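Subject: Structure for your review

Dear colleague,

Please find the structure below, handed over for your further work. A summary of what was found in it follows.

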Amino acid sequence: MTALSVSTSSAASLRADALVIGVAKGPKGIVLAPGAEAVNEAFDGKLAEVLGTLGATGAEGETVKVPSPAGLKAAFVLAVGLGETADAGYGLEALRRAAGVAARVLAGTKKAALALPAESAEEVEAVALGGLLGSYAFGTYKGNGNGKEPVGELLVLTARKGSKDAKAAVERAVVIGEEMNRARDLVNTAPNDLNPKSFAAIAQAAGKEHGLKVEVLDEKALTKGGYGGLLGVGGGSANPPRLVKLAYTHPKAKVSLAFVGKGITYDSGGISLKPAGHNETMKCDMAGAAAVFAAVVAAKRLGLAVNVTAWLALAENMPSGSATRPGDVLRMYGGKTVEVLNTDAEGRLVLADAIVRAGEENPDVIVDVATLTGAMVLALGNRTFGVMSNNDELRDSLHTIAGEAGEQSWPMPLPADLRKGMTESTIADLSNMGERMGGGLVAGLFLKEFVTEGTDWAHIDIAGPAFHEGAPYGYTPKGGTATSVRTLIRYAEKTAENGKA
Ligand code: BES
Ligand code: MN
Ligand code: ZN
């Protein structure tokens, strides 16, 4: 992993392969962003002109390289576009993205200094986090993705005097970046290597390393406990299901949060098999479990004064002679019965068990995260997750918090009229299918049935942003994105600060 540190040295005197500066699109052409001053001096104040001649416009994501003049110790200058100039300063997400682009472009180099706007501690953190996320490469199977090693070392340059809080900001970024990259690794791991059992073992090892309490229910324990959802979904697979609990407690905590993650390590659809074209990326169906796992480890590493329990509902959805059939009735944990009309609507079944189990411990809030429905992808696209809740205030605050953390989300309703379709089974309490229209909301309403009366609960459907198939952009690579991790961490952090959920 790329090493990251903060430095107050002048950009001019730094020995590095590259010096990264920011440029923006002003009303009258290209503008240098704060942080570029010393570099501009080395260019006799003509850096903007030079970059303009080379075609730079300052557009977001654009990169232009220039060899260094005599006054700089770095080999070359990399100008990264920040988009439109902003009077109120560049947004933190623009800084994350610019640093991410730079780190990506600089793969193959040993050392780079980021001379981007980094005056406040928040800006330092954003630059550091963007750099770490942008230098991510998944090398388990292919050495290193594009044939180049990630940049070896990143220095975040800041003019901030008394660099103590800048250092703390970088340390925070390292925790969040490493945990997001952990979630990305899990999502990217091939489903023949990541199954419920191996995922549980990884959680156990991480729990040991970071001092979290971990409990794993295997298929025997799940049978004994009556976890019909997990067993029904996992029944067709040679890899049996698991329910993993990771608990972080803080002695001064006033609030307990439960984060529940959908962990389908592969979603073939089961007997309601997905057609070709719809199953190639279904290793990503455990991205919710990866997100809550990363978030609880981050909460511990950051020492947040809040209790966080992560529940990973792990199963592999496969067709076989032992698989659940459309028409089967499952008795879920807690006793409700569900007629399975479509085995591809499996996420809600494993989540139902985990939500009931999580609720038994009386948390103040339950937040589940799941790659739950294609309908949510149709509604919100590939970069925005949907937030639903039985409490409008909680839903709106998660949406706000996501925005603060730099994640795109949108509040979605749980219209009571959509519930009816799921309750029309003639033989069971519920069916796992309801009205086709509004499928993302129907899934949310199904989950709501399993939340204990009086408990605040929110549901985050990350089916769109969990797995990125297009070209990399900003700090987002192809494959697993770690979407929602920053939102969960920030939510836990705010809860700790406020002493209430
Ligand atoms: N894992 C899928 C949802 C999904 C779709 C995730 C696209 C990521 C990208 C989920 O289990 C599923 O198959 N949902 C069905 C539900 C339907 C059968 C009610 C869907 O959305 O089509
Ligand atoms: Mn499915
Ligand atoms: Zn699924």
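**Metal sites**

In this predicted model, the manganese ion (ligand 2) is coordinated by Asp267 (OD), Asp344 (O), Asp344 (OD) and Glu346 (OE), at 2.0 to 2.2 Å. Asp344 thus appears with both an O and an OD donor. The site has 6 donor atoms, the angles among them run from 70 to 169 degrees, and its geometry is irregular. Along the chain, the donors of this manganese ion follow the spacing D-x76-D-x1-E.

The zinc ion (ligand 3) is coordinated by Lys262 (NZ), Asp267 (OD), Asp285 (OD) and Glu346 (OE), with distances of 2.0 to 2.4 Å. Its 6 donor atoms make angles of 79 to 173 degrees, and the site is octahedral. The spacing of the zinc donors along the chain is K-x4-D-x17-D-x60-E.

The two sites are linked: Asp267 bridges the manganese ion (ligand 2) and the zinc ion (ligand 3), and the two ions lie 3.2 Å apart. Glu346 is likewise listed for manganese through OE and for zinc through OE.

How buried or exposed are the coordinating residues Glu346, Lys262, Asp267 and Asp344? Glu346 has a relative accessible area of 1% and is therefore buried, the cut-off being under 20%. Lys262, at 2% relative accessibility, counts as buried, as does the bridging residue Asp267 at 3%. Asp344 has a relative accessible area of 23%, so this residue is classed as partly exposed.

**The sheet and its helix**

An open sheet of 8 strands with mixed pairing runs in the order β8-β9-β11-β10-β14-β18-β15-β16. Its edge strands, each pairing on one side only, are β8 (213-217) and β16 (409-411). From one strand to the next, the twist averages 20 degrees.

At the β16 edge, strand β15 (residues 385-389) is joined to β16 by 3 bridges, and the two strands run parallel. Within this pair, Phe385 of β15 stands opposite Ser409 in β16. Helix α14 (residues 485-498) packs on the sheet and touches β10 (256-267), β11 (307-317), β14 (365-370) and β15. The direction of α14 makes about 170 degrees with that of β10.

Strand β10 also connects the two parts of this summary: its range, 256-267, includes the zinc donors Lys262 and Asp267.

With kind regards

Key: Residues are numbered from 1 along each chain as its sequence is written. Chains are lettered from A and ligands numbered from 1 in the order in which they are written. This is a predicted model: local features need pLDDT of at least 70, side-chain atom pairs count only at pLDDT 80 or more; totals for chains, interfaces and linings use all residues. Side-chain values use heavy atoms; hydrogens and water are left out. Donors are N, O and S atoms within 2.8 Å of the metal (3.2 Å for Na, K and Ca); water is not among the atoms, so sites may look incomplete. Four donors count as tetrahedral if all angles lie between 85 and 135 degrees; four count as square planar and six as octahedral if opposite donors are over 155 degrees apart and all others between 65 and 115; anything else is irregular. Buried means under 20% relative accessible area, exposed over 50%, partly exposed in between (1.4 Å probe, protein chains only). Two strands pair if DSSP finds at least two bridges between them. Helices (H or I, at least four residues) and strands (E, at least two) are DSSP runs, numbered from the N terminus. Axes are lines fitted to C-alpha atoms, for helices over the stretch in contact, and angles run from 0 to 180 degrees between N-to-C directions. Contact means heavy atoms within 4.5 Å.
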